[in-house]
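User: I have a model open in the viewer and would like to learn how its features should be read, beginning with the pairing of strands. Could you take me through them one at a time?

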Amino acid sequence: MMKPRLLLTSLTAFLLASCGGKKDVSTNQDITPEVQKFYAETKNEKGAPLFVTKTLADLPADLKWEDGSEQKEFGSPDAKKGGTYRFFLTDYPRTLRHIGPDANNEIRDYVLDTVYLKMLGRHPDTLEPIPACAKEWARAADKKTFFFRLDPDARFSDGEPVRADNFFFSFFYYRYAPNQASYYHDFFTKKYENITKYDDLTLSITVASAKPDAIEYAGSVQPTPIAFHKQMGPDYLQAYNWKFIPTTGAYEIKESGLKKGQSVTLTRIKDWWAKDKKFYRQQYNPDRVVLDVIRDPEKALEVFRRGDLDAFRLNLPERWHKNFADNDPLVAKGYLHKATFFNQVPRPTYGLWLNTSKPLLNNRDVREGLHFACNWDVVIQQIFYGDYVRLNLAEDGFGEFTNPAVKARPFDPAKATEFFAKAGFTERGSDGIFKNAKGERLSFTITNSYKVLESALVVIKEEARKSGVEFNVETPENTAGWKKFNEKKHDIAFTAFNVSVELYPRFWEDWHSVNAYEKDGKLKPDTNNFCVFSDKQMDTWIDQYDKSEDMQEMKDLAWKMEQRLHDEAVFVPGFKAPWYRTGHWRWMKFPAHFDARTARDFEENWLFWIDEDERKATQEAMKSGKTFEKSVKDYDQWREK
């Protein structure tokens with residue numbers, strides 16, 4: 001049963017006494033007593049009030065306001081609005097929620113990560129701030145407090161205007177216990193010291209540390225709709241599971257857009273508040289986005305060849321060289337275009353994440369032996385056509401923050417045997433697999449996130465037998481696999497985190513012990529610590545790193561931590577590529593430069609558009625035999641030399 005909600009006005013006297021301000025923390029009538037109590041009582045980690053209300057007269061007089069007007073647009077003036085973009089999901093989402101169990105699913109990119117406008121945006125070429133919900137911003141002298149003036153036009157898709165109250169509410173929303181969002185709870189507890197409202201359109205956020213990228217933390221806070229959540233209670237996960245959260249972005253999911261188990265359709269908001277804004281008028285061009293559920297990638301490939309999907313990721317070399325070779329009739333006749341876009345980003349962390357809470361994998365010698373038992377070089381040559389290169393560590397691609405001395409261990413059965421012997425595995429069974437005196441075999445299950453990469457794991461499995469290791473490979477449906485990882489029930493996870501484009505790597509999420517175990521010693525679910533790695537020295541370094549405001553100290557700590565992770569052998573690095581590749585029908589158009597410097601995928605910046613006239617012309621040409629110029633292009637303006 002949900003508790004009855006009272007109007008804010010019934011708590012006015014309480015708040016005046018608790019907050020010490022002249023006005024309520026919020027004047028939004030949809031704020032419940034529970035939320036107001038949270039505002040009034042919540043302290044930051046230093047014991048000071050997290051939520052404060054002041055007036056415009058309290059703003060520092062020497063603020064220098066910025067608006068990002070010096071930054072250039074990164075789309076194309078030729079972009080056309082309209083049409084339907086068709087793509088696919090490998091599994092139907094289990095929820096539309098942004099947080100909580102099962103929220104880390106494929107639909108997240110379309111409703112949140114690449115669409116939902118936050119306090120600030122970030123220019124994908126320069127990485128400088130650009131306006132989003134805030135039209136102006138300023139930095140305080142302490143280098144960790146940032147002031148924002150909101151765009152009065154900003155509003156959610158349900159019509160609620162975006163105001164300072166919506167950013168206050170975000171801190172409640174992400175720390176609300178029934179949401180079961182432990183990562184966000186910790187993040188919003190530890191990373192922020194204060195949020196202050198000056199009026200409905202003016203606020204400031206103080207982050208915990210004046211780190212070099214402090215504005216990233218302040219600017220990445222997103223507003224949360226209040227009216228939509230006014231019935232939020234202990235049963236939030238169930239009550240809101242299939243409710244689309246009103247967005248500040250260009251697309252919404254209507255009830256009619258959900259066909260359970262079949263497809264999800266997003267509709268472009270006709271009167272979207274940012275449609276004519278400088279940095280968004282050339283983005284989010286299709287009127288509709290139809291995402292069909294196609295669980296088998298091979299079937300999806302055929303659907304794409306039929307023209308029922310507009311694009312297909314060709315990052316797998318087999319797709320590029322074999323499925324859509326340059327002499328393929330669809331490519332040679334100009335119906336399908338191929339593009340390689342060289343980018344400058346930290347690379348996804350493809351590799352094997354070893355669950356150290358599991359028997360045998362809690363032994364460092366076993367783990368190190370597994371490193372030498374994995375033949376990624378033959379995978380790269382045989383499966384990936386030599387297009388990829390070896391990944392050295394999970395923190396690869398962060399420039400001076402990546403330790404150049406850390407190199408991935410090579411395939412070496414003799415070395416593997418040496419380390420297994422240290423762990424007590426000296427006898428091979430009749431099947432060639434090592435076992436110890438207890439009869440325990442070196443046998444592990446690899447849970448694979450990507451059906452399209454099964455062939456790579458077949459090679460890893462076959463090669464590992466040379467070192468006396470048995471790998472069993474399972475490939476559950478995408479959502480089920482992530483659920484297993486989040487619950488820490490896997491032996492070895494073959495997966496990758498799509499690493500954010502940031503100045504320096506994060507360690508807390510993946511490697512701090514608070515994300516491995518609860519205080520009672522139980523495994524902690526729903527965190528990114530897939531290795532269940534718990535190390536007191538690493539915890540100390542991570543805490544020091546997160547608090548540091550000195551670039552050199554941070555770099556030194558990063559190198560130490562990267563070396564320790566290598567020494568502990570908890571992550572077996574796989575492979576990386578210096579580009580992304582796309583195949584698309586000729587009616588799907590891109591800017592002349594194709595994409596922005598830090599794009600990791602063609603959907604990330606939404607710069608493409610669908611030309612329905614060209615779709616019709618292409619379909620008619622295919623019937624008549626008319627051909628077009630072949631288009632297989634490298635976009636290498638950002639290629640790293």
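User: How many bridges join strand β19 to strand β21, and in which sense do the two run?

Analyst: Two strands count as paired if DSSP finds at least two bridges between them, and the elements themselves are DSSP runs numbered from the N terminus, helices being H or I over at least four residues and strands E over at least two. In this predicted model, β19 (residues 443-448) and β21 (residues 492-495) run parallel and are joined by three bridges. Within that pairing, Asn 448 has Phe 494 of β21 standing opposite.
Residues are numbered from 1 along each chain as its sequence is written, and side-chain values rest on heavy atoms, with hydrogens and water left out. Because the model is predicted, local features need pLDDT of at least 70 and side-chain atom pairs count only at pLDDT 80 or more, whereas totals for chains, interfaces and linings use all residues.

User: In what order do the strands of the sheet containing β19 lie, and which stand at the edges?

Analyst: The sheet is open and has five strands, which follow the order β20-β19-β21-β15-β22 with mixed pairing. The edges are taken by β20 (470-474) and β22 (571-573), each of which has a single partner strand, so one side of each lacks a neighbour in the sheet. From one strand to the next, the twist averages 25 degrees.

User: Which helices pack on this sheet, and at what angles?

Analyst: Contact here means heavy atoms within 4.5 Å, while angles are taken between N-to-C directions on a scale from 0 to 180 degrees, the axes being lines fitted to C-alpha atoms, for helices over the stretch in contact. Helix α14 (residues 454-464) touches β19, β20 and β21, and its direction makes about 165 degrees with that of β20. Helix α15 (residues 478-486) also packs on the sheet through β19, β20 and β21, with its direction at about 135 degrees to that of β21.

User: What is the order of the open sheet that contains β1?

Analyst: This open sheet of five strands reads β1-β7-β8-β6-β5, again with mixed pairing. Its edge strands are β1 (51-53) and β5 (134-139), and since each has a single partner strand, one side of each is left without a neighbour in the sheet. On average, with direction ignored, neighbouring strands of this sheet are turned by 20 degrees against each other. The strands β1 and β7 run parallel and are joined by three bridges, and Thr 53 stands opposite Lys 197 in β7. Across β1, β6 (145-150), β7 and β8 (202-207) lies helix α4 (residues 164-175), which runs at about 155 degrees to β7.

User: How should an aromatic pair be read, and how many does a search of the whole structure find?

Analyst: A pair of aromatic rings is described by the distance of the centres and the angle of the planes. The rings of Phe, Tyr and Trp (its six-membered ring) pair if their centres lie within 6.5 Å, and planes under 30 degrees apart count as stacked, over 60 as edge-to-face and the rest as tilted. The search finds 75 aromatic pairs, among them a tilted one between Tyr 183 and Trp 508, at 6.3 Å centre to centre with 40 degrees between the planes. This pair links distant parts of the chain, since Tyr 183 belongs to helix α5 and Trp 508 to helix α16 (residues 508-511), 325 residues apart.

User: How large is the second largest cavity, and which residues line it?

Analyst: Rolling a probe the size of a water molecule over the atoms shows where empty space is left. On a 1 Å grid over the protein atoms alone, a cavity is a set of points where a 1.4 Å probe fits but cannot get out, and lining residues have an atom within 4 Å of a point; grid points are joined across faces, edges and corners, and a volume is the space filled by probe spheres set on the points. The second largest cavity has a volume of about 80 Å³, and its lining includes Phe 187, Tyr 504, Trp 508 and Asp 546. Helices α16 and α17 each supply at least two residues of that lining.

User: What is the volume of the largest cavity, and which element gives the largest share of its lining?

Analyst: The largest cavity holds about 110 Å³ of space. Of the 15 residues lining this cavity, those closest to its centre are Asn 392, Leu 393, Leu 565, His 566 and Phe 571. The largest share of the lining, three residues, comes from α18.

Technical notes: On a 1 Å grid over the protein atoms alone, a cavity is a set of points where a 1.4 Å probe fits but cannot get out, and a pocket is an open set with protein on both sides within 12 Å along at least five of seven lines; lining residues have an atom within 4 Å of a point.
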